[in-house]
Amino acid sequence: MVEKPPLSTKILRRTTRHPPPSITVSPVTPFRSAPVKKLGGTIRVPGDKSISHRALMFGALAVGRSTVSGLLEGEDVLRTAAAVRAWGARVERGADGTYSIDGVGIGGLSEPAEVLDLGNSGTGVRLLMGLAATHAITTFFTGDASLRRRPMSRVTVPLAQMGARFTGREGGRLPLAVTGTANPVPIEYTLPVASAQVKSAVLLAGLNTRYDTSVIEPEATRDHTENLLRAFGAKVVVTDLGQKGRAITVTGQPELRPQTVVVPGDPSSAAFAAVAACIVPGAAVRIENVGINRLRTGLFETLREMGADIAYENRREAGGEPVADLVVRHKGLRGIEVPSERAPSMIDEYPILCVAAAFAKGKTVMRGIGELRVKESDRLAAMARGLSACGVMVEEMPDGMIVHGGAPEGGARIETEMDHRIAMAHLVLGLACKQAVEVDDVGFIDTSFPGFIALMNGLGADIAPVKA
Ligand code: S3P
């Protein structure tokens, strides 16, 4: 097997973060991002995280060999690869970075001997819990300190209705054991929160359930599960319910056929370079091969409303998803009220939108985003603290935030709280502040965007370790 070595190194680093006293660990190095006068060039960002997780999972459930190119080789996704291997699928990396997956078929997962550690990844653990719920095996799940704090009852509640049993900590938190049911009950479940993870967990449990399993989503969330499951040969029907949203129904026990999946660049990663180009005077950046599924592009729409110059060039389809090259040129931004119904299509982008807002003229109002409090960190609190420390006026609300734009000072050290997007957002902030911005830990960036610092420095950023 040709496995990428960095995973084991990174896992080692994570698990030795709070070591017993006898082990010596090198301290985490803080980085700083200094103001720059120029930013420009052409880049490609790594593969889409959501699609990468799903490609590995569906490949593991197909009968035969699937191949995946452009897979995100970030720690979150590599943890999912390790998890499906522990369930019996074969996952191998070819020399060119293409992964091949020999699936075990729906119903074919075998009980893992080890606890599955999903690290920092909410998507990984919640979707895998859906699969575990309707296989008659027991799987133990855990994650890092950030993931162990996050609520799992949003998936355990519907999955228990289907017949799975869970033993977890208070609030259904990890570590948690799932005992899957041999006789799953098909359900119709209305999402209490707009969450593609919850929708997907139920639909994936429905794969090994006889008859139809439906999820009703009042607000549309990313539809990669639906698109990719269809490509693998499952029957997935979407019904428009008018005011009530839409129902997604999967017919159980299909035979999934192996596929060749091409993963487009992640719009959530492209977002950081795009905002960098919006805030550095004179900047022009081309980001090639970015997924522009309309349920993911709320940030670009919002930035355009704020006055940004963002063009989609060379529109095409890759792997069943719309793709384009994004060309972003600096132009002054103005604050707006972001429509709250747009939140699901840009839920991961609020930290970097806050950075754009800090440089806009006037105030940017963001509401209906209480979900940000249960991401890898409490992102509303983390951004409010970070921006305030850099001299930006911020009003934090229980489910939103108002950012008063201007000319941020910078000059602060930010705690990133095990959250990749908080780290990247503040490194982008530093590019256009008066003084450098420091972040305490860049290690978690590798969960979603390996190579972020090198890529940004290639465009002209000045991101470097803080000298002792
Ligand atoms: C994801 C869904 C979102 C998002 C996460 C990826 C997915 O979470 O924040 O990064 O791949 O389904 P929620 O569904 O909980 O909003």
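**Entry 1: a loop residue**

I began with Tyr 211, which I found in the loop between α7 and β11 (212-217). I am working from a predicted model, so everything here is computed. I then looked up the backbone of Tyr 211: its phi is positive, about 70°, although the residue is not a glycine. I made a note beside it that most residues other than glycine have a negative phi.

**Entry 2: a peptide bond**

Next I turned to strand β9 (residues 173-179), where Pro 175 is found. I checked the bond between Leu 174 and Pro 175, and the peptide is cis, with omega about -5°. For context I wrote down that most peptide bonds are trans.

**Entry 3: a hairpin**

How do β16 and β17 run, and how many bridges join them? I found the strands antiparallel, with eight bridges between β16 (residues 309-318) and β17 (residues 321-329). I followed one pairing across: Ala 311 has Val 327 in β17 as its bridge partner. Then I went to the turn, where two residues lie between the strands of this hairpin. One backbone angle there went into my notes: Gly 319 takes a positive phi near 60°.

**Entry 4: who surrounds the ligand**

I moved on to the ligand and listed the residues around it. From the earlier part of the chain I noted Lys 49, Ser 50, Arg 54 and Thr 123. Further along, my list has Ser 195, Ala 196, Gln 197 and Arg 222, and it ends with Ile 347, Asp 348 and Lys 375. I sorted this shell by character and got two nonpolar, four polar and five charged residues.

Which element gives the largest share of the shell? I found that α2 does, with three residues. Two helices, α2 (49-61) and α7 (196-207), each supply at least two residues of the shell.

**Entry 5: contacts with the ligand**

I looked at individual atoms next. Ser 50 places a polar side-chain atom 2.7 Å from an oxygen atom of the ligand. For Arg 54 I also read 2.7 Å, again from a polar side-chain atom to a ligand oxygen. With Gln 197 the backbone takes part: one of its polar backbone atoms is 2.9 Å from an oxygen atom of the ligand.

How much of the ligand does the protein bury? Taken alone, the ligand exposes 380 Å², and I found 95% of that buried by the protein. My last lookup was the pocket, and the space taken by the ligand turned out to be the largest one.

Definitions and conventions: Residues numbered from 1 in each chain as written. Predicted model: local features only at pLDDT ≥ 70, side-chain atom pairs only at ≥ 80, totals over all residues. Heavy atoms only, no water. Near = heavy atom within 4 Å. Polar contact = N/O pair within 3.5 Å; in protein donor to acceptor, adjacent residues only side chain to side chain. Areas by Shrake-Rupley, 256 points an atom, 1.4 Å probe, with all protein chains shown as cover. 1 Å grid on protein atoms, 1.4 Å probe; cavity = no way out; pocket = protein on both sides within 12 Å on 5 of 7 lines; lining within 4 Å. Sits in = over half its atoms within 2 Å of the grid points. Helix = DSSP H or I, 4+ residues; strand = E, 2+ residues; numbered from the N terminus. Nonpolar A, V, L, I, M, F, W, Y, C, P; charged D, E, K, R; others polar. Pairing = 2+ DSSP bridges.
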